[in-house]
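Reader: I would be grateful for a close look at the empty space in this model, and at the parts of the chain that border it. Please treat the matter in one connected account.

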Amino acid sequence: MLKILLRKTGLLCAGLSLALSIQSHAQVQSQATAPATEGYGFIDAAGLAPHAPFVEMAPPVMRPPAVDTLATLRLRGVLRVGVVPVVPMVMRNANGEFSGYSVDIARRLAEDMGVALEFVPTTWGDLIPDLIAQRFDLIASGLWVTTPRALVVNFTQPTATESVHVVASKRQSHKLNNINDVNQPNMTVAVGAGTPEVALAKRLFPRAKLLQVEGEPFGPVLRGQAQVALLATLTPTAIARAVPELYLPFQLPVGSTLAALAVRKGDSDFLSFLNTWIAIQRQAGWLDERLLHWSLAPEPTP
């Protein structure tokens, strides 16, 4: 009798287990096919198929170990600074000594770091390649901040904002009353190649011819190849005073551009230190004082 009772109980349990299994499977199927309801993040509301595995189009570029510039120059005891002459950032007096706004920055930086200072003269064309080749530790020549340059070097926060002025030839364009007089098909505007002034000239003077040159943009104006040039500088009046053939037809600038120090990529510690140092000098008022000094007196000091 007991055996019969146990057998019936086992059959009942087995049937109940089967029923529960069928019910659970039906609920899963129902959830899989039921439309998604708003508010459940684990349900794809759009009913999209799973994403295909991500495949990188190119292998990652591995950066080689970088030089710790900050530690190296402190061990060396000398800060090497690349410079190119440009008024009033970097100038040389009659004795061959450097002076100017960027020169003052380099000297104060080396003094605060407790190291000696060495200026390494170069050219605009070699300035960035020389930095990358480690001929010097940083660039301090009022280098303009541009996107192409930022792809190959790291800029600090700006050390100056230079105004962009129209510089004209007295002989060829003495009747310029406003910028519309420049925006004419018979006018040629010279700008430095690869500088922010290229985009500015295209925006301000779309009807004029654009002449992109290496070096100082007022050179073509002096040679008769252009009537005007766009020049970014702290001291536009000094340019006109130094070159009698030129004048400023408009009192106000037509734009501005940023200047900064530049260092090699891959050395975040050195860049962070320079940004901190610049912020300290700006907060103390020293940068503004030097900027005002060289804006008013852009002549090499003896």
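Author: The account below begins with the chain as a whole and then turns to its pockets, its cavity and the elements around them.

The model is a predicted one. Its protein chain has 302 residues, of which buried residues make up 40%. The secondary structure comes to ten helices and twelve strands. Among contacts between residues at least 6 apart in sequence, 72% join residues at least 24 apart.

Rolling a probe the size of a water molecule over the atoms shows where empty space is left. The largest pocket has a volume of about 510 Å³. Its lining comprises 27 residues, and those nearest its centre are W124, W144, R149, T195 and G215. Two or more lining residues come from each of α4 (127–132), β5 and β10 (228–233). Of the elements, β5 gives the most to this lining, namely four residues. Sorted by class, the lining of the largest pocket consists of 16 nonpolar, seven polar and four charged residues.

The second largest pocket has a volume of about 270 Å³. It is lined by 13 residues, with A66, Q134, R264, K265 and G266 the closest to its centre. Here the classes come to six nonpolar, three polar and four charged residues.

One of the residues just named, Q134, merits attention for its backbone. Most residues other than glycine have a negative phi, and most peptide bonds are trans. Q134 is not a glycine, yet its phi is positive, at about 65°. Q134 lies in the loop between α4 and β5. Its relative accessibility is 39%, and it therefore counts as partly exposed.

The loop between α4 and β5 also holds F136. In contrast to the partly exposed Q134, F136 is buried, its relative accessible area being 0%. Leaving aside neighbours within four places in sequence, the contacts of F136 are R80, V81, G82, V120, T122, L127, D130, L131 and R264. One of these contacts, R264, is also among the residues closest to the centre of the second largest pocket. The C-alpha atoms of F136 and V81 are 5.5 Å apart, although 55 residues separate the two in sequence.

A departure of the other kind occurs at P88, since the peptide bond from V87 to P88 is cis, with omega near -5°. P88 belongs to the loop between β1 (78–83) and β2 (91–92).

As for enclosed space, the count comes to one cavity of 30 Å³ or more. The largest cavity has a volume of about 40 Å³. Its lining is formed by M89, Y101, S102, I105, A140, S141, G142, T159, A260 and L261. At least two of the lining residues are supplied by each of α3, β5 and β12. This lining has six nonpolar and four polar residues, and no charged residues.

The three elements α3 (101–113), β5 (138–144) and β12 (255–263) are among those against which the buried residues of helix α9 pack. The others are α2 (69–76), β6 (154–155) and α10 (286–296). The buried residues of α9 are F270, L271, L274, W277, I278 and Q281. They cover an arc of only 130° around the axis, so they lie on the same side of α9. On the other side of α9, S268 and Q283 are exposed.

The length of α9 can be checked in a simple manner. Helix α9 runs over residues 268–284, and at 1.5 Å a residue its 17 residues should span 24 Å; the end C-alpha atoms are 24 Å apart, which agrees. After α9 comes G285, with a positive phi near 90°.

A final site is V198, which is found in helix α6 (residues 196–204). With a relative accessible area of 11%, V198 falls under the 20% limit and is therefore buried. Not counting residues up to four places away in sequence, V198 touches V191, G192, L210 and Q212. The last of these, Q212, is 14 residues from V198 in sequence and 7.6 Å from it in space, C-alpha to C-alpha.

Technical notes:
Residues are numbered from 1 along each chain as its sequence is written. This is a predicted model: local features need pLDDT of at least 70, side-chain atom pairs count only at pLDDT 80 or more; totals for chains, interfaces and linings use all residues. Side-chain values use heavy atoms; hydrogens and water are left out. The expected span of a helix is 1.5 Å times one less than its number of residues. Buried means under 20% relative accessible area, exposed over 50%, partly exposed in between (1.4 Å probe, protein chains only). The arc is that of the directions from the helix axis to the C-beta atoms. Contact means heavy atoms within 4.5 Å. On a 1 Å grid over the protein atoms alone, a cavity is a set of points where a 1.4 Å probe fits but cannot get out, and a pocket is an open set with protein on both sides within 12 Å along at least five of seven lines; lining residues have an atom within 4 Å of a point. Grid points are joined across faces, edges and corners, and a volume is the space filled by probe spheres set on the points. Ala, Val, Leu, Ile, Met, Phe, Trp, Tyr, Cys and Pro count as nonpolar, Asp, Glu, Lys and Arg as charged, and the others, Gly among them, as polar.
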